[in-house]
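Me: Could you walk me through this protein chain with a few questions and answers?

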Amino acid sequence: MIDRRGFLAAGLASTAGLAVSATGEVPSSVDALPTEPFNLLYAPHFGMFKHHAGDDLIDQLKFAHSLGFRAWEDNGMMKRDVATQEKIAATMSELGMTMGVFVAHAGFKDGLYVNGGSEARAFLQQQMREAVEVAKRVNAKWCTIVPGKFVNNLEWDYQTANVVDCLRAMAEVCEPEGLVMVLEPLNPWTNHPGLFLTKIPQAYAICEAVNSPSCKILDDLYHQQITEGNLIPNMEKAWKHIAYIQVGDNPGRKEPGTGEINYLNVFADLHRRGFKGIVGMEHGNSVDGKEGELRVINAYRQCDAFLG
Ligand SMILES: O=C(O)C(=O)CO
C-alpha cells in the first residue's frame with residue numbers, strides 16, 4: 001500500500017516543495033516535498049516511512065527513493081531470510097540506492113572481546129564469515145561492530161589489547177572480501193552503560209592498532225554528542241578512520257532539528273570534506289504517523305540546504 005502521491009505526483013512537486021522547505025514549515029503532504037536527490041547519502045531504515053508507504057519493505061524503499069533518498073540501512077539484515085535479502089538488494093540496485101550498515105556483531109551482554117582468547121577469536125571469525133555472505137548478497141560494504149562490555153577484574157590496557165586481537169582476527173576474514181567493519185562507540189550516560197567502546201579517540205587508537213582497511217569507525221553523532229560533544233573538531237581529528245556517520249538529535253534521539261545539534265553545519269562540514277559515504281538516520285520520528293514522517297523528510301531537506 002503506497003500513498004498514491006508518494007510516487008505519482010512527487011515528480012511534479014519539486015518547485016513548490018523547495019519553497020515550502022525553505023520556510024521551515026512542515027508540508028501537509030508529500031506532494032509539497034522536493035524529489036531531487038539529497039546532497040548527501042542519508043539512509044533511512046525500515047519502518048521510518050511506513051505510514052506513507054505501508055508495511056511492504058520494497059514499497060518503503062521506493063517511497064524513500066521517490067523523495068530523494070539514495071541510501072538505506074538495516075541493522076537487522078542478518079536476521080532476514082535469504083529471499084528477502086535478495087529482493088531488497090535487487091530493488092536497491094534498480095533504484096540506484098547504496099546499502100548502508102547492518103549489525104554484524106554487537107556484544108551488548110558480555111565481555112567476549114575484552115577477555116579475548118582463541119575461542120572468542122574463532123567465534124567472532126565465524127560471525128564475520130556469516131556477515132560476509134550477507135554483505136555479498138545485499139551489496140553492503142560496511143557492517144557495524146559493538147565490541148561488548150568491559151569487565152572490572154582486568155586492567156583496562158589488557159582489555160584494550162584483547163579487543164584489538166579479536167578485531168584483527170575478524171578483519172582477516174573481511175579484508176579479502178572488501179567488507180569494512182565499522183566500530184561504533186556508544187554513549188554510556190543515556191543508552192548503554194557498561195560498554196567498552198565509548199569514545200572516538202579510543203576507537204581511533206584501536207583502528208591504528210588493528211591497522212586494517214577493514215577496521216574503521218562509525219561515528220554516531222547522537223552518541224558522541226552525549227559522550228564527548230565537540231563533534232566537528234573530533235571528526236576532524238579522527239577523519240582518517242571514520243568510514244560511516246550516523247545521526248540523531250539530542251536529547252530524544254529523533255530527527256535533526258529536535259534537539260541541540262546544528263546538523264546544517266555538521267552536514268556542511270561533511271560536504272566540505274568531500275564525504276561520499278552514508279549518513280545513517282538511526283533515530284526515531286519525533287511525531288507519530290504521516291505527520292511525523294513529513295517532519296523527518298522536511299528536517300533533512302532543511303539540513304541538506306547547506307549549498308545555499
Ligand atoms: O544501539 C544503539 O544505540 C546503536 O546505535 C547501535 O547501532
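The questions below go from the whole chain to single residues.

This is a predicted model, in which local features need pLDDT of at least 70 and side-chain atom pairs count only at pLDDT 80 or more, while totals for chains, interfaces and linings use all residues. Residues are numbered from 1 along each chain as its sequence is written, and side-chain values use heavy atoms, with hydrogens and water left out.

Me: What is the radius of gyration of the chain, and what would a compact globule have?

Reply: Happy to start there. The radius is taken over C-alpha atoms, and the globule rule is 2.2 Å times the number of residues to the power 0.38. With 308 residues, that rule gives a value near 19 Å for a compact globule, and the chain agrees with it at 20 Å.

Me: How many helices and strands does the chain have?

Reply: Both are DSSP runs numbered from the N terminus: helices are H or I with at least four residues, strands E with at least two. By that count the chain has 13 helices and 9 strands.

Me: Which residues does UniProt list for the domain "Xylose isomerase-like TIM barrel"?

Reply: The name comes from an unreviewed UniProt entry; positions are given in the numbering used here, feature names are shortened, and annotations may be inferred rather than shown by experiment. Over this stretch the chain is 44% helix and 14% strand, and the end C-alpha atoms are 22 Å apart. The listed range is residues 62-287.

Me: Is Gln159 buried or exposed, and which residues does Gln159 touch?

Reply: Gln159 sits in helix α8, residues 156-174. Buried means under 20% relative accessible area, exposed over 50%, and partly exposed in between (1.4 Å probe, protein chains only). At 0%, Gln159 therefore counts as buried. Leaving out residues up to four places away in sequence, its contacts (heavy atoms within 4.5 Å) are Val114, Phe150, Val151, Leu154 and Phe196.

Me: Which residue does a cis peptide bond join to Asn250?

Reply: Most peptide bonds are trans. Here omega is about 0°. The partner lies in the loop between β8 (242-246) and α12 (263-272), and it is Pro251.

Me: Asn211 has a positive phi; what is its relative accessible area?

Reply: Phi of Asn211 is near 55°, whereas most residues other than glycine have a negative phi. Asn211 belongs to the loop between α9 (200-210) and β7 (215-220). Asn211 is exposed, and its relative accessible area is 64%.

Me: Is Arg253 buried or exposed?

Reply: Arg253 lies in the loop between β8 and α12, and its phi is also positive, near 55°. With a relative accessible area of 19%, Arg253 is buried.
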